[in-house]
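The following account concerns a ligand and the space it occupies. Please keep the sequence and the coordinates at hand while reading.

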Amino acid sequence: MSKTLLIIKPDATERNLVGHVINRLERARFKIAEIRLVRLTEQQARQFYAVHEGKPFLESLVAFMTSGPVIPMMLEKDNAVEDLRTLIGATDPAKAACGTIRYEVGRTIEKNSVHASDSDENAAKEVAFFFDA
Ligand code: CDP
Ligand code: MG
């Protein structure tokens, strides 16, 4: 089993899609090992997205990610990072494969409903951002 981090973003919590997203994760055999509901501060959102420092979309992304509650969770599964990236689909919902979570419920390239770690190394860092041990 390997670990990854998923975050249900504010556009999805606002539209009552938490249960829907969790259902998709469970149907794909992910186990929820940790889960929280958090309101990110501006400083926390900047720290979480530090890799995007200097990108033109960062300011709007930070405003969006602090606009409402988010639900980070640590997920476990064989090949968790790659399988979760496949399940969520491309960053832009308009380009996401049919049947992916972003295809189904994402609204825009920014308000794309979910975050998922992109490597085992980043998964370890992102899990530690929200959860102890
Ligand atoms: O989330 P993902 O790893 O697929 O994409 P990213 O390139 O790491 O970007 C992080 C997040 O920034 C995305 O999920 C979007 O919410 C946002 N973003 C944006 O608003 N506009 C872009 N052109 C690219 C990303
Ligand atoms: Mg990313």
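Which helix gives the most to the lining of the largest pocket? In this predicted model, that contribution comes from helix 7, which supplies four residues. Helix 7 spans residues 120-130, and it is joined by helix 3 (42-48) and strand 4 (114-116), each of these elements providing at least two residues of the lining.

The pocket itself holds about 640 Å³ of space. Its lining comprises 22 residues, of which Y49, V51, H52, L61 and H115 are the closest to its centre. Sorted by class, the lining residues are nine nonpolar, six polar and seven charged.

What takes up the space of the largest pocket? The occupant is ligand 1. The residues around ligand 1 are K9, H52, F57, L61, R85, T91, R102, I109, E110 and N112. This shell divides into three nonpolar, three polar and four charged residues. Two of its members, H52 and L61, have already appeared among the residues closest to the centre of the pocket.

The polar contacts of the ligand can now be considered individually. At R85, an N or O atom of the side chain is 2.9 Å from an oxygen atom of ligand 1. The side chain of R102 likewise places an N or O atom 3.0 Å from an oxygen atom of the ligand. A further contact involves N112, where a polar side-chain atom and an oxygen atom of ligand 1 are separated by 2.9 Å. How much of the accessible area that ligand 1 has on its own does the protein cover? On its own, the ligand has 500 Å² of accessible area, and the protein covers 80% of this.

Taken together, the description links ligand 1 with the largest pocket, with side-chain contacts from R85, R102 and N112.

Conventions:
Residues are numbered from 1 along each chain as its sequence is written. Chains are lettered from A and ligands numbered from 1 in the order in which they are written. This is a predicted model: local features need pLDDT of at least 70, side-chain atom pairs count only at pLDDT 80 or more; totals for chains, interfaces and linings use all residues. Side-chain values use heavy atoms; hydrogens and water are left out. A residue is near a molecule or strand if one of its heavy atoms lies within 4 Å of it. A polar contact is a pair of N or O atoms within 3.5 Å; within protein, one must be able to donate a hydrogen and the other to accept it, and residues adjacent in sequence count only if both atoms are side-chain atoms. Accessible areas come from the Shrake-Rupley method with a 1.4 Å probe; for residues, only the protein chains shown count as cover. On a 1 Å grid over the protein atoms alone, a cavity is a set of points where a 1.4 Å probe fits but cannot get out, and a pocket is an open set with protein on both sides within 12 Å along at least five of seven lines; lining residues have an atom within 4 Å of a point. A molecule sits in a cavity or pocket if more than half of its atoms lie within 2 Å of its grid points. Ala, Val, Leu, Ile, Met, Phe, Trp, Tyr, Cys and Pro count as nonpolar, Asp, Glu, Lys and Arg as charged, and the others, Gly among them, as polar. Grid points are joined across faces, edges and corners, and a volume is the space filled by probe spheres set on the points.
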